[in-house]
Amino acid sequence: MQELELGNAFSFDALVGAIEKRRERGIRIVELGELGHEAGLCALLVELDDEDLIFHAPTESALHRQQFVLHEFAHLIMGHIDGEELRAPDFLLPDIPPETRRRLLRRQDLNDRLEIEAESLADHLAAAIRQWAAHDSRFVEIFG
């Protein structure tokens with residue numbers, strides 16, 4: 001988190017901006033109804049030539065949705081998508097880019113080291129966003 005130069009508390013938008021600056025590309029976040037219960041995925045990260053796409057499953061909880069996205073941000077921050085080798089055979093998922101196939105298949109293993117690291121960083125990011133929101137609140141201004 002120190003490499004992002006955001007301090008200990010920051011907004012979600014500031015985090016997006018810092019990641020975009022670091023990766024020198026935009027990030028687009030899209031809700032995708034096909035994810036979730038049927039697909040068994042909460043979110044999916046796709047690296048394109050000019051932007052990163054994060055698809056997330058629908059949920060009524062803003063915090064749940066944020067955690068889906070923060071988990072994918074964590075993969076971006078830690079470089080988990082850079083230079084990954086494909087281990088999933090092409091014939092299993094022929095229409096999906098090789099990098100995405102590998103991530104999809106690996107995500108089924110919640111005990112995977114990279115998934116654990118990403119979830120841990122996502123938790124830290126969420127805490128920093130909550131801290132910023134609490135400090136930025138007029139509650140502090142009004143009630144001290």
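This is a short dialogue about reading a helix and the nonpolar cores in a predicted model.

Biologist: What should I know before I start?

Modeller: The model is predicted, so local features need pLDDT of at least 70, side-chain atom pairs count only at pLDDT 80 or more, and totals for chains, interfaces and linings use all residues. Residues are numbered from 1 along each chain as its sequence is written, and side-chain values use heavy atoms, with hydrogens and water left out.

Biologist: Which residues of H1 are buried, and which are exposed?

Modeller: An α-helix has 3.6 residues a turn, so residues three or four places apart point the same way. Here, H1 (a DSSP run of H or I, at least four residues, numbered from the N terminus) covers residues 12–23. Leu-15, Val-16, Ala-18, Ile-19 and Arg-23 are buried, meaning under 20% relative accessible area with a 1.4 Å probe, protein chains only. They fall within an arc of 165° seen down the axis, going by directions from the helix axis to the C-beta atoms, so they line one face. Asp-13 and Lys-21, on the other side, are exposed (over 50%).

Biologist: Which elements give two or more residues to the largest nonpolar core?

Modeller: In soluble globular proteins, nonpolar side chains tend to be buried together. A core is a set of buried Ala, Val, Leu, Ile, Met, Phe, Trp, Tyr and Cys residues joined through side-chain atoms within 4.5 Å. The largest one has 23 residues, and Leu-15 and Ile-19 are among those touching the most other members. H1, helix H2 (62–77) and helix H4 (113–136) each give two or more, with H4 supplying the largest share, 7 residues.

Terms used
The expected span of a helix is 1.5 Å times one less than its number of residues.
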